[in-house]
Amino acid sequence: MVDRVDSMAKPKRGKSTATIDRHVGARIRERRIMLGLTQQQLAELIGVTYQQAHKYERGVNRVSAGRLFQIARVLSV
């Protein structure tokens, strides 16, 4: 009989998703500052609240692919 617990366990491969979320947020923040934008301005340009933009930059909330695309366009990357 196959041990289903082992076959369903997540493989450990380097960085955790939380670490990646923080890295993505830090890169967004870095580029925003390079362009001289405030968090409020970025938030308005991507259609979210200031609080949400802040959470993205801190890696508290994960940025979806669609939202990341919007952010990339606004930040010209």
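Are Arg32 and Glu57 buried or exposed? Arg32 is buried, and Glu57 is buried as well. Keep in mind that this is a predicted model. Here's a quick tour of its four salt bridges and of its second largest pocket, which holds about 160 Å³ of space.

**The Arg32–Glu57 pair and its network**

- Arg32 and Glu57 bring their side chains together in a salt bridge, at 2.5 Å from N to O.
- Arg32 sits in helix α2 and Glu57 in helix α4, so this pair ties together parts that are 25 residues apart in sequence.
- There's a third player here: Arg29 joins Arg32 and Glu57 in a network of salt bridges.

**The Asp21–Arg62 pair**

- Another salt bridge is made by the side chains of Asp21 and Arg62, with an N to O distance of 3.1 Å.
- This pair links distant parts of the chain, 41 residues apart: Asp21 belongs to helix α2 (residues 17-34), while Arg62 is in the loop between α4 (50-58) and α5 (65-74).
- The two partners sit in contrasting surroundings: Asp21 has a relative accessible area of 15%, so it counts as buried, whereas Arg62 is exposed at 53%.
- The reasoning for Asp21 is simple, because buried means under 20% relative accessible area.

**The Arg27–Glu30 pair**

- Arg27 and Glu30 form a salt bridge too, and their closest N and O atoms are 3.8 Å apart.
- That still makes the list because the cut-off for a salt bridge is within 4 Å.
- Both residues lie in helix α2, three residues apart, or about one turn of the helix.
- Arg27 counts as exposed, with 52% relative accessibility, and Glu30 as partly exposed, with 45%.
- The split in labels comes about because exposed means over 50%.

**The second largest pocket**

- Arg27 and Glu30 turn up again here, since the lining of the second largest pocket includes both, along with Arg31.
- Other lining residues include Val24, Ile28 and Met34, as well as Leu68, Ile71, Ala72, Leu75 and Val77.
- Helices α2 and α5 are the elements that give two or more residues to this lining.
- Helix α2 provides the largest share, with six residues.
- By character, the lining divides into eight nonpolar residues, three charged ones and no polar ones.

Terms used
Residues numbered from 1 in each chain as written. Predicted model: local features only at pLDDT ≥ 70, side-chain atom pairs only at ≥ 80, totals over all residues. Heavy atoms only, no water. Helix = DSSP H or I, 4+ residues; strand = E, 2+ residues; numbered from the N terminus. Buried < 20%, exposed > 50% of the residue type's maximum accessible area, 1.4 Å probe, protein only. 1 Å grid on protein atoms, 1.4 Å probe; cavity = no way out; pocket = protein on both sides within 12 Å on 5 of 7 lines; lining within 4 Å. Points joined across faces, edges and corners; volume = space filled by probe spheres on them. Nonpolar A, V, L, I, M, F, W, Y, C, P; charged D, E, K, R; others polar.
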